[in-house]
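Here are some notes to read with the model open beside you. I have numbered the points so that you can take them one at a time.

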Amino acid sequence: MPMTLIKGNYRVVKAAPDGDSVRFYPDNPENWKKLPTRIHTNHSGGAQLRLDSIDALETHYHTRVGSLGTQHQPLEYAHAAASELLRFLGFKNITRNSNEVVTKAEPEQVPGFILTRFADVYGRSVAFAFKGESEAEDGSNVFFDKSLVKKSANYHLISKGLVYPTFYSKLYPDIRQQLTLATEESRQAHKGLWQVDQTNTGFVLETLETITDKIVILPKLFRRLLSYLAINDGSVSLEGFSDYLKSMDDRLIILKEGHVTGFDFVVEVDGQNLKLNYQPEDLVFIEK
């Protein structure tokens with residue numbers, strides 16, 4: 001299972017990293033060209049990473065339509081994931097402004113490397129992130145196995161219970177299984193957000209603040225729900241939410257059943273009650 005290894009450093013000042021996304025600057029920006037899909041880079045060759053297989057609570061999410069502006073999920077666990085990611089990579093004494101932008105960090109950059117194969121539809125490198133140095137050659141293909149995944153920031157955050165597993169179909173099955181085991185262990189130990197998660201137990205949507213300040217749920221479900229509310233003329237009625245999910249056409253595989261279906265099939269809406277009928281790790285989303 002080869003992946004491209006790219007060495008470089010992480011920088012966070014003047015950026016707004018969260019628990020599953022951080023900016024990475026390769027030592028050799030030409031290495032981005034080894035990937036089959038184009039990475040969107042800045043003038044210094046830096047690119048935003050989307051950490052593969054994990055989804056952190058949103059600290060600043062802006063819907064593409066509607067007038068809800070920038071919203072967030074309960075910030076205790078959103079901030080905990082973001083802080084733990086930066087601590088793991090080697091940053092300390094982080095200062096942010098009111099817009100979540102980092103104004104100060106010690107040091108200003110830390111060395112690391114990533115394993116990646118492609119970019120997502122937004123031009124972000126979908127990657128497993130690592131701290132420190134690697135003995136492998138920069139830009140080389142590296143065999144990605146179970147022992148290596150345990151050294152990644154992605155695995156670390158799942159094992160701490162600070163992020164949700166969110167799998168896509170390009171992920172290697174044995175890596176997914178390793179991350180699933182870590183998820184199950186952290187859930188059974190009631191670590192982090194698993195103490196309060198209501199994705200599968202369900203909740204009643206009473207106001208917008210239900211999902212921004214009170215209820216911890218799978219971020220993908222939060223994003224779809226927030227986007228729906230943004231075009232719902234100020235109402236929090238869920239009457240049209242299932243149809244909205246169908247229109248988004250998020251395709252997925254239910255692993256235990258081998259069933260290919262839509263996100264709307266696994267989200268149960270009963271009046272103002274809402275829940276996901278499968279554990280997040282039982283679902284594999286198909287890349288668009």
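1. Let's start inside. This is a predicted model, and its largest nonpolar core has 49 residues. Within that core, the residues with the most contacts are Y10, W32, L49, F128 and F144. A second core, separate from this one, has 36 residues, and Y77, L205, L229 and L274 are among them.

2. Helix α1 is a good place to look next. How far apart are the end C-alpha atoms of α1? They are 21 Å apart, which agrees with the 21 Å that its 15 residues (75-89) should span at 1.5 Å a residue. The buried residues of α1 are Y77, A78, A81, A82, E84, L85, L86, F88 and L89. A residue counts as buried under 20% relative accessible area. An α-helix has 3.6 residues a turn, so residues three or four places apart point the same way. Y77, which is buried in α1, is also one of the residues of the second core. Just after the helix, G90 has a positive phi of about 125°.

3. Helix α6 covers residues 219-230, twelve in number. From first C-alpha to last it reaches 16 Å, close to the 16 Å expected at 1.5 Å a residue. Is α6 largely enclosed or exposed? Twelve of its twelve residues are buried, so the rest of the structure largely encloses it. The buried set includes charged side chains such as K220, R223 and R224, alongside L221, F222, L225 and L226. L229 is buried in α6 too, and it is included in the second core.

4. Keep α6 in view for the largest pocket, which has a volume of about 1200 Å³. Of the 41 residues lining this pocket, Y61, D120, Y122, R124 and R223 are the closest to its centre. The elements that give two or more residues to the lining are β2 (21-26), β3 (47-51), β4 (54-55), β5 (61-62), β9, α6 and α7 (241-248). Which element gives the most? That is α6, with four residues. By class, the pocket lining has 14 nonpolar, nine polar and 18 charged residues.

5. Now the enclosed spaces. The count comes to two cavities of 30 Å³ or more. The largest cavity has a volume of about 50 Å³, and its lining is made of M3, D52, R117, F118, V126, F128, F144, K170, L171 and Y172. Strands β9 (109-119) and β10 (125-131) each supply at least two of these lining residues. Seven residues of the lining are nonpolar, none is polar and three are charged. F128 and F144, which line this cavity, are also among the residues with the most contacts in the largest core.

6. The second largest cavity holds about 30 Å³ of space. Its lining consists of R50, D52, F118, V126, Y168, K170, L171 and E287. Here four residues are nonpolar, none is polar and four are charged. D52, F118, V126, K170 and L171 appear in this lining and in that of the largest cavity.

7. L171 deserves a closer look. Where is L171 found? It is in the loop between β13 and α4 (173-188). At 6% relative accessibility, L171 counts as buried. L171 and G161 are ten residues apart in sequence, and their C-alpha atoms are 20 Å apart in space.

8. Two sheets round off the picture. One is an open sheet of four strands in the order β13-β19-β15-β16, with mixed pairing. At its edges stand β13 (167-168) and β16 (259-262); each has a single partner strand, so one side of each is left without a neighbour in the sheet. Strand β15 (residues 251-254) runs antiparallel to β16, and four bridges join them. Across that pair, I254 has H259 in β16 as its bridge partner.

9. The other open sheet has three strands, ordered β14-β18-β17, and its pairing is antiparallel. Its edge strands are β14 (203-204) and β17 (267-270), each with a single partner, so one side of each lacks a neighbour in the sheet. Two bridges join β14 to β18 (residues 273-276), and V204 stands opposite N273 in β18.

Key. Residues are numbered from 1 along each chain as its sequence is written. This is a predicted model: local features need pLDDT of at least 70, side-chain atom pairs count only at pLDDT 80 or more; totals for chains, interfaces and linings use all residues. Side-chain values use heavy atoms; hydrogens and water are left out. The expected span of a helix is 1.5 Å times one less than its number of residues. Buried means under 20% relative accessible area, exposed over 50%, partly exposed in between (1.4 Å probe, protein chains only). A nonpolar core is a set of buried Ala, Val, Leu, Ile, Met, Phe, Trp, Tyr and Cys residues joined through side-chain atoms within 4.5 Å. Two strands pair if DSSP finds at least two bridges between them. On a 1 Å grid over the protein atoms alone, a cavity is a set of points where a 1.4 Å probe fits but cannot get out, and a pocket is an open set with protein on both sides within 12 Å along at least five of seven lines; lining residues have an atom within 4 Å of a point. Grid points are joined across faces, edges and corners, and a volume is the space filled by probe spheres set on the points.
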